[in-house]
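Visitor: Could you take one spot in this fold, look at it closely, and then work outward from there? I'd like the local geometry with the numbers attached, and please keep it chatty.

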Amino acid sequence: SVENVQATMFEGALLTVLVVFLFLNSWRSTVITGLALPVSVLASFVAVWVFGFTLNTMSLLGLSLAIGILIDDAIVVRENIVRHVEMGKDHYTAAREGTDEIGLAVAATTFSIVSVFVPIAFLYGEAGQWFKPFALTIACSVLVSLFVSFSLDPMLSAYWPDPHVAEDKKWWITKRLDSFNHWFNGLSHRYRRVIGWALDHPKSMVTLSLVSLAVAIALPATGIVGGGFMPEDDRGELNVSVQTPPGSNLAATRIKIEEAIRIAHGYPEVTHTFATIGGASGAVDEGKIYIRLSPRSERKRSATKLGAQIRQDVSKIAGAQIAVYTSDFAGQQKQIQIQLRGNNQQALDKLAAQYKEIVTSVPGTVDVGLSTKGQKPELNVSVERSLAGSLGLTVGAVAQSLRPAFAGVEVGDWVDPMGETRKVRLRLDSDARTRVTDLTSLPLSVGGQGQVNTVSLPLGQIADVSTSLGPAVISHLNRDKVVMVEANVQGRALNEVNGDIAAKTASITLPPGVQISSGGEVEQQKKVFIPIMLALGVAIMLMYLVLVVQFGSFLDPLAILISLPLSLIGVMSALAITGQTINIMSMIAVILLAGIVAKNAILLIDFAKWAREKNGMPLREALIEAGAIRLRPILMTTFALIAGMLPVAFGTGEGAQFRAPLGIAVIGGVTTSTFLTLLVIPTFYEIMDAARTKVSSWFGMTPPRTGEFKTFGGTPTPEIGD
């Protein structure tokens, strides 16, 4: 619900601020940094209003996910200002020079995130409806956070500095955090040796990257990580559909529904039920039951597990087909729908029976059924047209004569003992409507136009009346008759079950004129996932172009983009460990990671380039120095992002399971990408720089030496290297 998302956003913001306080050990620095959160969130409401969105689950979910990102810029700027203060500069100078030094990296990270989410916001179709509020809300809030980090944070850092406090007057927690920061400074020095080792073993780093990417691909390919459209959701409700045999009356359907309700109320988690018969379709052989469960915190079993148990119990009810839906997202449409289309109804029915048998045999399929809902008895009246024509009767006239017998005819009004006026409809008794002998005796009026007297003759003299079985429902799709084999999934991932069905049905030869297609969640998955992947590819291209402009190089951004696949091993591992699947929520996580995992690489590469250009450092020393200096902001932003995602990943309440794969995937991806980036990215950057120098020498080109400048009009201008 929206309330749960708001609570998640607040919890994430609180944890993020605590991480900032842990590293900076100053309540003023925490306030200065934390101001980016309310300002950015409140400003994003303006964007929501401008684009015509509402504060719904997706827009608020975008803000809750952006909590860890919004504070990143402020963290990096504030940390760099504090570092300059510790170098002995006054607060005004530290604020100005610290912001100027880190400005390019902060702008690059922010514009990279924006370049990812803007293409996502222009998705078409169903995917666009899902992601527009989410993507544009994040993009606008991140742009506001960039403005805050370049304006409000430096200003407060310059004019609201931390006062000097004597050691003996510090609080107990301040002394403990000082000890932590001293330990962390030692960690930064030890990290210099780690980077040096990584630079000395480039083959090992390349192998580590390739192995991690291979494992990330292998986990879903081998079925360890399953796939589906929607994650498991627990909204505290279940829906049950009941179908009695075609032709059943209202009383028979009601008996079966009452049996299912009695079974449901046998579980203590069920608070109340609500049943309807007919509904929008008006068919009295169909019914639906809504089951409301107690709050998630008061239940030991999830809605999915409880639904599986109820499904097992109601399957024992004879004379009814009962399906249990643990999520009503698709309007009680089954997850798997195999659509068999054609014009030959008999061929479709025969083929559908084959498919139904195969689907039933696949492990993990439940509630297997056909859209035709079986067959029901029907009456066939075959008029002998030549004889009827000689008597002046047409097929339409015969049909009109039969209509009062079946549909009835209003013959007047009746006032009941309570004084209510009720219409009286006259028709044949239910038994008489099914007996062939009674129907053949129905009288038909025969008389030519203009004749005074008419005669009657029985229907059986001009028509043959017989009984047969026909489909209860005839459906059409794209002007073709369609029979759908439908099933839900239980205990296995949707992609695994669908793959097994496809493998078992591959040997079936389709009759001429019959086509097969997919519906349900399988079709929705294709409609959403394919546009997402295309938009993600466009987003990565835009990110590359943004980094080219920011760094003035076509090669340096490639080293940064290598950090993107390094997050996949964490995403897949986290999903495998927690038993989650690749679904629409985890796909959102992949999109989010594409914008944020490059942040660490940008901080490293930016400082290394700055050290080479300003101080004339050799590349190796510049990379080692960049790792030592940027380790604190990298880990601060990483832990802040993880803290912001913890309520999303492990939150409680109704709807928390729906968001859990997103938070879990982001935490896993950020963790592994940070660790691998700190090792791999400096090595890849050194490899690419050496390759650039070598290729340039082949063409007789000499890259400019570090720190070398050209002068135009008396102004020293750094020479662009590539």
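Guide: Let's start at Ala608, which has a relative accessible area of 0% and therefore counts as buried. Keep in mind as we go that this is a predicted model. Ala608 is part of helix α20, which runs over residues 598–615. Leaving aside residues up to four places away in sequence, Ala608 touches Ala622, Leu623 and Ala626. There is also a longer link in sequence terms: Tyr685 is 77 residues away along the chain, yet the C-alpha atoms of Ala608 and Tyr685 are 9.9 Å apart.

From there, hop over to Ser209. This serine sits in helix α8, residues 202–221. Its relative accessible area is 8%, under the 20% cut-off, so Ser209 counts as buried. Who does Ser209 touch, once residues up to four places away in sequence are set aside? The contacts are Leu566, Val680 and Phe684.

Next, some rings. A pair of aromatic rings is described by the distance of the centres and the angle of the planes. The structure holds 3 aromatic pairs. In one of them, Tyr92 and Tyr159 meet edge-to-face, at 6.4 Å centre to centre with 65 degrees between the planes. Tyr92 belongs to helix α5 (residues 91–121) and Tyr159 to helix α6 (residues 125–159), so this pair ties together parts that are 67 residues apart in sequence. Tyr92 has 47% relative accessibility and therefore counts as partly exposed, while Tyr159, at 61%, counts as exposed.

Another pair is formed by Phe117 and Phe134, again edge-to-face, with 6.1 Å between the centres and 65 degrees between the planes. Phe117 lies in α5 and Phe134 in α6, so here the parts tied together are 17 residues apart in sequence. Phe117 and Phe134 are both buried.

While we're on α6, its shape deserves a look. The helix has 35 residues and spans 50 Å from its first C-alpha to its last, close to the 51 Å expected at 1.5 Å a residue. Along the way there is a kink of about 45 degrees at Phe131, shortly before the proline Pro133.

Now for a sheet. Which order do its 4 strands take? They go β2-β3-β1-β4, with antiparallel pairing, in an open sheet. β2 (270–277) and β4 (321–325) are the edge strands with a single partner each, so each has one side without a neighbour in the sheet. From one strand to the next, the twist averages 15 degrees. Inside the sheet, β1 (residues 237–243) pairs with β3 (residues 286–293) in the antiparallel sense over 7 bridges, and Gln243 stands opposite Glu286 in β3. Two helices pack on this sheet. Helix α9 (residues 250–264) touches β1, β2 and β3, and its direction makes about 170 degrees with that of β2. Helix α10 (residues 303–314) touches β1, β3 and β4, and its direction makes about 25 degrees with that of β1.

Last stop: strand β14, residues 480–489, which is mostly covered, with 8 of its 10 residues buried. Among its partners is β5 (residues 336–342), which pairs with β14 in the antiparallel sense over 7 bridges; Ile336 stands opposite Ala487 in β14. Strand β6 also runs antiparallel to β14, joined by 4 bridges, and Gly369 has Glu486 in β14 as its bridge partner. Then there is β13 (residues 475–477), paired antiparallel with β14 over 3 bridges, where Ser475 stands opposite Val482.

Two backbone angles here may catch your eye. Most residues other than glycine have a negative phi. In the hairpin of β13 and β14, which has 2 residues between the strands, Asn478 takes a positive phi near 55 degrees. Asp367 is not a glycine either, yet has a positive phi of about 55 degrees. Asp367 is in strand β6, residues 365–370, and its relative accessibility is 11%, so it counts as buried.

Definitions and conventions. Residues are numbered from 1 along each chain as its sequence is written. This is a predicted model: local features need pLDDT of at least 70, side-chain atom pairs count only at pLDDT 80 or more; totals for chains, interfaces and linings use all residues. Side-chain values use heavy atoms; hydrogens and water are left out. Two strands pair if DSSP finds at least two bridges between them. Axes are lines fitted to C-alpha atoms, for helices over the stretch in contact, and angles run from 0 to 180 degrees between N-to-C directions. Contact means heavy atoms within 4.5 Å. Rings of Phe, Tyr and Trp (its six-membered ring) pair if their centres lie within 6.5 Å; planes under 30 degrees apart count as stacked, over 60 as edge-to-face and the rest as tilted. Buried means under 20% relative accessible area, exposed over 50%, partly exposed in between (1.4 Å probe, protein chains only). The expected span of a helix is 1.5 Å times one less than its number of residues. The bend at a residue is the angle between axes fitted to the seven residues ending there and the seven starting there.
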